[in-house]
Amino acid sequence: MGRAALRRKVLFVEDEPSIRSTYARCFEASYEMVFAASGLEALQRLENFVPDVLVLDMRLPDTDGVALLQEIRTFHPGLPVVVTTAYVSMEPLFTVLDLGHSGYLVKPFHMDDLAAHIDAAS
């Protein structure tokens, strides 16, 4: 098997174009990536792409990350999730903790830290 076959598949749900661009640039050699800019787009992507890890921004234009994660959990209950948030407050994350996830990062964060969370998710 070639190296490409071993790359983790990651769905990045992030509404900020500059952040999606940064993810694409930083991780192009590491992961097979699909991007979604909204909750609806994320659900559409999941119809044809089964990721190994979901990177989920908590603040989206059409829904919040908690509601989206609850919906995703109904048909992907074991999917590892790395939550990204600009919220410094931990309160929104307590809800997420009950849903199961593989970690969270408060923006701004280093791409190396995100990669470590993605690589550790199982």
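## Helix α4

At the start of α4, the backbone nitrogen of Val 66 has a side-chain oxygen of Asp 64 within 2.8 Å. The model described here is predicted. The buried residues of this helix are Gly 65, Val 66, Leu 68, Leu 69, Ile 72 and Arg 73. Viewed down the axis of α4, these buried residues fall within an arc of 155°, so they line one face of the helix. The spacing of such residues reflects a general feature: an α-helix has 3.6 residues a turn, so residues three or four places apart point the same way.

Arg 73 belongs to helix α4. Its relative accessibility is 13%, and because buried means under 20%, Arg 73 counts as buried. A polar atom of the Arg 73 side chain lies 3.2 Å from the backbone oxygen of Pro 77.

## Overall architecture

The protein chain contains six helices and five strands. Along the sequence, these elements follow the pattern α-β-α-β-α-β-α-β-α-β-α.

Of the 122 residues in the protein chain, 41% are buried. Among contacts in the chain with a separation of 6 or more, 60% are between residues 24 or more positions apart.

## The nonpolar cores

In soluble globular proteins, nonpolar side chains tend to be buried together. In this model, the largest nonpolar core has 19 residues, of which Leu 11, Val 13, Leu 54, Leu 56, Leu 68, Ile 72 and Val 81 touch the most other members. At least two residues of this core come from each of β1, β2, α3 (39–48), β3, α4 (65–75) and β4. The most is given by α4, which supplies four residues.

Leu 68 illustrates the reach of α4 into its surroundings. Beyond residues up to four places away in sequence, Leu 68 touches Val 13, Gly 39, Ala 42, Leu 43, Leu 56, Leu 60 and Thr 63. Apart from the largest core lies another core, of 16 residues, which includes Tyr 23, Val 82, Ile 118 and Ala 121.

## Helix α6 and its packing

Helix α6 spans residues 111–120, and its buried residues are Met 111, Leu 114, Ala 115 and Ile 118. Down the axis of α6, these residues fall within an arc of 100°, so they line one face of the helix. Asp 112 and Ala 120, on the other side of α6, are exposed. The packing partners of the buried residues of α6 are the helix α2 (17–27) and the strands β1 (8–13), β2 (31–36), β3 (53–57), β4 (81–85) and β5 (103–106).

Two packed helices are described by the angle between their axes and the distance between the axes. For α2 and α6, the axes come within 11 Å and cross at roughly 70°. This angle makes α2 roughly perpendicular to α6. At this contact, Thr 22, Tyr 23, Cys 26 and Phe 27 in α2 meet Met 111, Leu 114 and Ala 115 in α6.

## Glu 14 and the cis peptide bond

Glu 14 occupies the loop between β1 and α2. With a relative accessible area of 0%, Glu 14 is buried. The side chains of Glu 14 and Lys 107 are joined by a polar contact of 2.8 Å. Neighbours within four places in sequence aside, Glu 14 is in contact with Ile 19, Arg 20, Tyr 23, Ala 36, Ala 37, Asp 57, Thr 84 and Lys 107. Two of these partners also appear elsewhere in this account: Tyr 23 is among the residues of the 16-residue core, and Tyr 23 is also one of the α2 residues that meet α6.

Lys 107 also takes part in a cis peptide bond, which runs from Lys 107 to Pro 108 and has omega near -5°. Pro 108 lies in the loop between β5 and α6.

## The segment after α6

Ala 121 is placed in the segment after α6. With a relative accessibility of 4%, Ala 121 counts as buried, and this residue is among the members of the 16-residue core. Leaving aside neighbours within four places in sequence, Ala 121 is in contact with Arg 8, Val 53, Pro 80 and Ser 102. The C-alpha atoms of Ala 121 and Leu 79 are separated by 9.1 Å, although the two residues are 42 residues apart along the chain.

Key
Residues are numbered from 1 along each chain as its sequence is written. This is a predicted model: local features need pLDDT of at least 70, side-chain atom pairs count only at pLDDT 80 or more; totals for chains, interfaces and linings use all residues. Side-chain values use heavy atoms; hydrogens and water are left out. Buried means under 20% relative accessible area, exposed over 50%, partly exposed in between (1.4 Å probe, protein chains only). The arc is that of the directions from the helix axis to the C-beta atoms. Contact means heavy atoms within 4.5 Å. A nonpolar core is a set of buried Ala, Val, Leu, Ile, Met, Phe, Trp, Tyr and Cys residues joined through side-chain atoms within 4.5 Å. A polar contact is a pair of N or O atoms within 3.5 Å; within protein, one must be able to donate a hydrogen and the other to accept it, and residues adjacent in sequence count only if both atoms are side-chain atoms. Axes are lines fitted to C-alpha atoms, for helices over the stretch in contact, and angles run from 0 to 180 degrees between N-to-C directions. Angles under 35 degrees count as roughly parallel, over 145 as roughly antiparallel, 65 to 115 as roughly perpendicular and the rest as oblique.
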